[in-house]
Amino acid sequence: MQAINPYFSDSHQFAYMTNRRKFLQSSVVGAAALHAACRSEAQSPTAIIRPAVISTWNHGIPANAAAWEILKSGGKAIDAVEAGVRVTESDPTGQSVGVGGRPDMNGNVTLDACIMNEKGDCGSVAYLQNIEHPITVARQVMEETPHVMLVGDGALQFALEKGHPEINLLTEKSKADWEAWMKSERKVLPKINVENHDTIGLVALDSHGDLSGACTTSGAAWKLPGRVGDSPIIGAGLYVDNEVGAATATGWGEAVMRAVGCFLVVELMRQGNTPQRACELTVERVISKNPDWRDIQVGFIALGKNGEYGGYCIQPGFDYAVYRPDIENQLIKSGSRV
Ligand code: SD4
């Protein structure tokens, strides 16, 4: 029997049930998911459900909760996405974002982040060290400079001028992990879902109907010094088009960049694909451009203008958090290609 949510009018019940079905679809794995990725699917006439926020991995739950505090009282999506990912940036237990992030092969924690609003304005920082909130620096680049992206020492100088304190991001745990890695074979390609896990990408639709997104990470563990991933690259790790939808990515950034993944997700939504289908097709594109795809994880999540969401990845093990009036901050197991 279908669950009926008393929160909605009849037309919204339809959307609610449609989205319950989508939840079940998105949990399908293996051959069935591949089949789903290869068949065409018409856009369902879904009613609008907003506000809505979705984010990557299980740390998306507390991030969504912070974003929801802003969204539920009519706040703007751009404020919600920044507030949401700042929670993850400050959490020392997350080893792929902000404080506690795993370092590069020299033992330095270097951060990448970007943000995009409903007007298409965007800001980004890459290879930034010793700053707790790269997402706020990225927003300041967007709002207070004529530029989109600052990197390395220049980004640090800008952050310090804006009053961000300089702090040590390397925790004892991440230092110990790095020391263990130094004694190992020193493989640069991280272990799937373990060493390349936990980037937070978060996209939101506010009650005014506007979309924004944010993505922040310490990047791939044990990377070469100077390496920048997809997460601060507009179009790769994050993309927002207020006419259509928003998407963000996680996983091996090199593979995401080759396919300009999040731009592709949004363009596929523009062509009439649901967020779910757009993520599936984009994973197929990533696979087709990366012969080593069996050794890597890549995942996308997407949110449409109507609050419809989707997520898909290459390897099992990726999940994402969804918060809408009908779905109170639930972790959803992503469908996967393998
Ligand atoms: C990167 N995409 O730097 C990031 C890492 C990541 O979950 O997403 N981890 O390649």
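A polar contact is a pair of N or O atoms within 3.5 Å. With that cut-off in hand, the surroundings of the ligand in this predicted model can be described first.

**The ligand and its shell**

A polar side-chain atom of Thr199 lies 2.7 Å from an oxygen atom of the ligand, so the pair falls within the 3.5 Å that defines a polar contact. The side chain of Arg227 likewise places an N or O atom 2.7 Å from an oxygen atom of the ligand, and for the side chain of Thr250 the distance between such an atom and a ligand oxygen is 2.7 Å. The protein buries 100% of the 290 Å² that the ligand exposes when taken alone. There are 14 residues around the ligand, and those that come nearest are Thr199, Arg227, Asp230, Thr250 and Gly251. Sorted by class, this shell holds nine polar, three charged and two nonpolar residues.

**Salt bridges**

Across the whole structure, a search finds 15 salt bridges, and the table gives some of these pairs with the distance between their N and O atoms.

| Salt bridge | N to O distance |
|---|---|
| Glu69 and Lys72 | 3.0 Å |
| Arg102 and Asp177 | 3.8 Å |
| Glu144 and Lys162 | 2.8 Å |

In the pair formed by Arg102 and Asp177, the closest N and O atoms are 3.8 Å apart. Arg102 belongs to the loop between H4 and S2, whereas Asp177 is part of helix H7 (residues 172-182), and the salt bridge therefore ties together parts that are 75 residues apart in sequence. Arg102 counts as buried because its relative accessibility is 10%, and the cut-off for that class is under 20%.

The loop that carries Arg102 also contains Pro103, which is placed between helix H4 (77-90) and strand S2 (111-116). Pro103 is buried as well, with a relative accessibility of 0%. The C-alpha atom of Pro103 is separated by 7.0 Å from that of Trp178, although the two residues are 75 residues apart along the chain.

The side chains of Glu144 and Lys162 meet in a salt bridge with an N to O distance of 2.8 Å. This pair, too, links distant parts of the chain, since Glu144 is in helix H5 (residues 134-144) and Lys162 is in the loop between helix H6 (152-161) and H7, 18 residues apart. Glu144 is partly exposed, with a relative accessible area of 44%, and Lys162 is partly exposed with a relative accessible area of 36%.

Glu69, which meets Lys72 in a salt bridge of 3.0 Å, counts as partly exposed at 47% relative accessibility. Beyond these pairs, a network of salt bridges links Asp79, Glu82, Arg139 and Glu143.

**Backbone features in the loops**

Arg50 and Pro51 are joined by a cis peptide bond, for which omega is about 5°. Pro51 is found in the loop between helix H2 (30-38) and strand S1 (52-56).

Which residues other than glycine have a positive phi? Trp57 has a phi near 65°, and Val260 has a phi of about 45°. Trp57 is found in the loop between S1 and helix H3 (60-71), while Val260 has its place in the loop between helix H8 (253-259) and helix H9 (261-270). As for their surroundings, Trp57 counts as buried at 1% relative accessibility, whereas Val260 counts as partly exposed at 40%.

**A buried histidine and a nonpolar surface patch**

His133 is found in the loop between strand S3 (122-128) and H5, and with a relative accessible area of 11% this residue is buried. The side chain of His133 makes a polar contact of 2.9 Å with the side chain of Glu89.

On the surface, Val148, Met149 and Val151 form a nonpolar patch whose accessible area is about 230 Å² together. Val151 is found in strand S4 (residues 149-151), and at 47% relative accessibility Val151 counts as partly exposed.

How values were computed: Residues numbered from 1 in each chain as written. Predicted model: local features only at pLDDT ≥ 70, side-chain atom pairs only at ≥ 80, totals over all residues. Heavy atoms only, no water. Patch = residues over 30% accessible without salt bridge, like charges linked within 9 Å, V, L, I, M, F, W, Y side chains within 5 Å. Areas by Shrake-Rupley, 256 points an atom, 1.4 Å probe, with all protein chains shown as cover. Salt bridge = Lys/Arg side-chain N within 4 Å of Asp/Glu carboxyl O. Helix = DSSP H or I, 4+ residues; strand = E, 2+ residues; numbered from the N terminus. Buried < 20%, exposed > 50% of the residue type's maximum accessible area, 1.4 Å probe, protein only. Near = heavy atom within 4 Å. Polar contact = N/O pair within 3.5 Å; in protein donor to acceptor, adjacent residues only side chain to side chain. Nonpolar A, V, L, I, M, F, W, Y, C, P; charged D, E, K, R; others polar.
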